[in-house]
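Student: I am new to this structure and would be grateful for a close look at a single part of it, the open sheet. Please describe how that sheet is built and then how it relates to its surroundings.

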Amino acid sequence: MKRQKTPLREGLFTQDVGGAALLASRCNICGQVFFPRRERCLDCPNQDMESVLLRGTCRLYTFTIVNMPTEHYDPPYAIGWVEFPEGVRVFGQIKGWEKQPLKIGMNMELVIDTLWEEEDKEIIGYKFGPLSEDDKR
Amino acid sequence: MRDVAIIGVGSTVFGKLPERLVRDMGSEAVWAAINDANVSPKEIEFAYCSTTFGGAVCGERILTEVGISGIEVVNVENACAGGATAFRGVWNAIASGLYDIGLVVGVESMTTSPIARKLIPPEAGDLAGDMGNNMPAHFALSMRRHMEIYGTTLEQFAKVSVKNHHNGCLNPYSQYKKELSIEEILNSRMICDPITLLQCCPNTDGAAAAILCPISIARKYTPKPIIVAASILKMGDYASRWEDMASSDLSSRCAREAYEMAGCGPEDIDVCECHDAFAYSELSHYEELGFCGYGEGGQLIDVGATEITGRIPVNPSGGLLSRGHPVSATGVEQVAEIVWHLRDEAGKRQVAGARVGLAHTMGGEVAGLEAGACAIHILKR
């Protein structure tokens, strides 16, 4: 049976001709960027928000290799925080960590990927992966 | 607000005790506190009970075992900060003049809880939880930042666990009475890199209790009342405002406010019980509580300053790592431990001449927040 691709949540991410992007929002008064999107600014309570896409290169802020099972994942798997130039840190899984050692500060890219599979569903979400040397050019 | 004193404390021995009911452990701790305070159960006017997994009306179930009925009882959940939250509730109601004599009891049976032998899971629908986050991972992520920014070494973190397991050997209430070496700790099973098993607090069952009253009547009950000089409880700020994940901004903020309320500074603290859920946590709390500068936690443990005989002894009880961590009982147990030290009754683990003590707990994880809650109490003799 073919599993139905289902996003983890609506309104988190998109994939268009420009590639993968996270759906964030910026407060037009104080400039704070929020991911996931907020209808109201959490810093100043105003509702004057604009949509922002987080995409392109981000940097690895910190990471860990998890060696115990959690609800949806078998160990070992990598998770961490990345920092986008917009000043937002985002938490997520790290893809491709087995292939090259992770290092704080390394360039990372956003990818859309399968998080886990259920009986009839394939749960899709975002992950981050180290940018290879070739990609940086 | 009135000055409030602790007139009695009590505790069960901590451990893996699946055969013990929550109400048995709770009532044992309450009886111990009642006897310690030399107060009649009939004099208790109200009670707070903290439990996370102990079920509904837990406080009422415990009090029926000790001849207390018909009074106001509040049951509190605030994750690992629950015990401190309940303690603060009793302090608050007495300080404000609502009641004179109050009881706090914290109790947990982790081994019979739905999460026995498992991690505390993130709430369903928690975005970070769905992405694979868990409690040790959260702290491993901060630990790696601390190593990156300050150059703190794995050995320095391991020394926290060595120290606390040593202290646990001296504490009759402690879950573990086993010395550990740096090598054993670093070579134990990897949990979330770089956190290994013996850098993590265990699953623990146990209960602790305390009785409080206004300082004006405290000497009727005890020659050694202990004054509550500061009580601070705050939720965490948005993670977007988190300065650096190497440290807890919430702990730093609560510490500043607690010192201001108590009219003292970190240099005045003689003994500290802090929330060492992981070895990393204690080392970063040294810095947040002001016992050393940011990035100097590694040096502080290297020179032995936080040992029982050091400049600022931390977790003489063995802490969460060795005394154990019955989630909602921990905050009350920390208070009891500080009281024993300030009364010069802590036996082999006694911090000589302790006059001022600080208890610090943190609790809960919420996606989008730095941390759930933090509570700090400063006690003086």
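Tutor: A definition is required at the outset: two strands are said to pair if DSSP finds at least two bridges between them. The model under discussion is a predicted one.

With that in hand, the sheet can be described. In chain B, nine strands form an open sheet in the order β3-β2-β4-β7-β1-β8-β11-β10-β9, and their pairing is mixed. The edges are β3 (72–76) and β9 (271–273) of chain B, each of which pairs on one side only. From one strand to the next, the twist averages 25°. Helix α9 (residues 249–262) of chain B packs on this sheet, where it touches β8 (226–235), β10 (356–363) and β11 (373–380) of chain B. The direction of α9 makes about 145° with that of β8(B).

Consider next the end of the sheet that finishes with β9(B). Strands β9(B) and β10(B) run parallel and are joined by three bridges; V271(B) has G357(B) in β10(B) as its bridge partner. On to β11(B): this strand pairs with β10(B) over eight bridges, in the antiparallel sense. One of the partnerships here sets M362(B) with C374(B) in β11(B). Both parallel and antiparallel pairs thus involve β10(B). Seven of the eight residues of β10(B) are buried, so this strand is largely enclosed by the rest of the structure. For this statement, a residue is buried if 20 or more other C-beta atoms lie within 10 Å of its own.

Elsewhere in the order, strand β4 (residues 102–109) of chain B is joined by eight bridges to strand β7 (residues 205–214) of chain B, and the two run antiparallel. Within this pair, V105(B) stands opposite A209(B) in β7(B). Both residues reappear in the largest nonpolar core, which has 149 residues: V105(B), A209(B), A210(B), L212(B) and V332(B) touch the most other members. The core draws at least three residues from each of domain 1 (4–114 + 204–228) and domain 2 (127–202 + 230–380) of chain B. As a general matter, nonpolar side chains in soluble globular proteins tend to be buried together. The surroundings of L212(B) may serve as an illustration. Leaving aside neighbours within four places in sequence, L212(B) is in contact with V4(B), A5(B), I6(B), I7(B), V90(B), W91(B), I94(B) and G102(B).

The sheet may now be placed within the chain. Chain B is divided into domain 1 (4–114 + 204–228) and domain 2 (127–202 + 230–380). The centres of these two domains, taken over C-alpha atoms, are separated by 23 Å. Where the domains of chain B meet, 39 residues of domain 1 are in contact with 37 residues of domain 2. On the domain 1 side, the elements that give two or more residues are β1 (4–11), α3 (82–95), β4, β7 and β8 of chain B. The most comes from α3(B), with eight residues. By type, the residues on that side of domain 1 of chain B divide into 22 nonpolar, 13 polar and four charged.

Finally, chain B also touches a second chain. The contact takes 21 residues from chain B and 25 residues from chain A. On the chain B side, α4 (127–130), α5 (135–150) and β5 (190–192) each supply at least two residues. The largest share, six residues, comes from α5(B). The residues of this side of chain B divide into twelve nonpolar, four polar and five charged.

As for the partner, chain A has one helix and ten strands, and along its sequence the pattern is β-β-β-β-β-β-β-β-β-β-α. Buried residues make up 29% of the 137 residues in chain A. Strand β10 (residues 121–130) of chain A pairs with strand β1 (residues 4–7) of chain A in the parallel sense over four bridges, whereas β10(A) and strand β9 (residues 107–117) of chain A pair in the antiparallel sense over nine bridges. Three residues lie between β9(A) and β10(A), which form a hairpin.

Technical notes. Residues numbered from 1 in each chain as written. Chains lettered and ligands numbered in written order. Predicted model: local features only at pLDDT ≥ 70, side-chain atom pairs only at ≥ 80, totals over all residues. Axes fitted to C-alpha atoms, helices over the stretch in contact; angles between N-to-C directions. Contact = placed C-beta atoms within 7 Å. Core = buried A, V, L, I, M, F, W, Y, C linked by C-beta atoms within 7 Å. Buried ≥ 20, exposed ≤ 12 C-beta atoms within 10 Å, placed from the backbone. Domains from an automatic or database assignment. Nonpolar A, V, L, I, M, F, W, Y, C, P; charged D, E, K, R; others polar.
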